[in-house]
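Work through the exercises below with the model open. Each task is followed by its solution.

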Amino acid sequence: MLPSIEDWLSASWADYKRRWFALMAVLALGGLATAAGVFLPLIPAGLAAFVGAGSPWVIWGGASFVSLLAGLWLSTWGQAAAVRAAAQDEGAGEALRAAWSQTASFAWVLSLVMLAAGGGFILFIVPGLFLSVLLFFAAFYLISGEERGLGAVELSYARVKPVLGEVSARLFIVGLIVWLPSWIPYVGWLISPLWAPFGLVA
């Protein structure tokens with residue numbers, strides 16, 4: 001039995017206000033780390049290419065590969081930390097530290113969910129929408145330590161299936177709420193990044 005929409009939004013708002021600083025810090029640090037991971041490997045590559053230390057194809061190809069891997073890993077780590085900061089009362093440092101060891105599992109669960117939902121979208125879209133809702137909370141169950149890997153995906157399916165309509169309505173509502181600042185002329189783009197994490201908390 002889910003709480004009423006009014007109670008759910010009220011509790012989400014209280015949690016969001018309490019966790020806002022940790023969320024902002026995690027998102028900022030995760031974004032900076034990702035940018036650094038993508039950019040830094042290109043600096044020695046540029047120097048090596050400048051002094052003619054080898055084939056430009058080899059130098060830039062290797063640097064691009066390292067840059068891609070670093071960016072993927074660090075962005076996934078940042079996402080895992082953001083989920084922790086949204087779901088639990090942790091400081092930014094604690095969320096980032098704890099999420100580091102969960103990054104590989106988090107990436108695996110996200111991959112499973114995207115593969116399942118992506119397959120559903122190929123089958124005339126509607127199955128993909130249902131699977132997106134049914135499997136939406138797998139990453140949260142992983143981060144909370146309730147399940148790992150496929151078990152987190154199965155747990156999300158099992159818990160959401162009996163209340164699929166109610167969960168779908170809530171996801172639609174929170175998506176609309178998060179989207180609202182983008183309608184504000186001129187300043188909407190400034191408000192949106194500060195407001196968007198409410199969706200994770202809710």
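**Exercise 1.** Find what share of the contacts with a separation of 6 or more joins residues 24 or more positions apart in the protein chain.

Solution. Take a contact as heavy atoms within 4.5 Å. Residues 24 or more positions apart then account for 64% of the contacts with a separation of 6 or more.

This is a predicted model: local features need pLDDT of at least 70, side-chain atom pairs count only at pLDDT 80 or more, and totals for chains, interfaces and linings use all residues. Residues are numbered from 1 along each chain as its sequence is written, and side-chain values use heavy atoms, with hydrogens and water left out.

**Exercise 2.** State how many helices and strands the protein chain has.

Solution. Use DSSP runs, numbered from the N terminus: helices are H or I with at least four residues, strands E with at least two. The chain has 11 helices and zero strands.

**Exercise 3.** Classify the pair of Trp 73 and Trp 100, and place both residues.

Solution. Rings of Phe, Tyr and Trp (its six-membered ring) pair if their centres lie within 6.5 Å; planes under 30 degrees apart are stacked, over 60 edge-to-face, the rest tilted. The rule yields 13 aromatic pairs. Trp 73 and Trp 100 are edge-to-face, 5.6 Å centre to centre with 75° between the planes. Trp 73 lies in helix H3 (residues 56–87) and Trp 100 in helix H4 (residues 92–100), 27 residues apart.

Next, accessibility: buried means under 20% relative accessible area, exposed over 50%, partly exposed in between (1.4 Å probe, protein chains only). Trp 73 is partly exposed because its value is 35%. Trp 100, at 43%, is also partly exposed.
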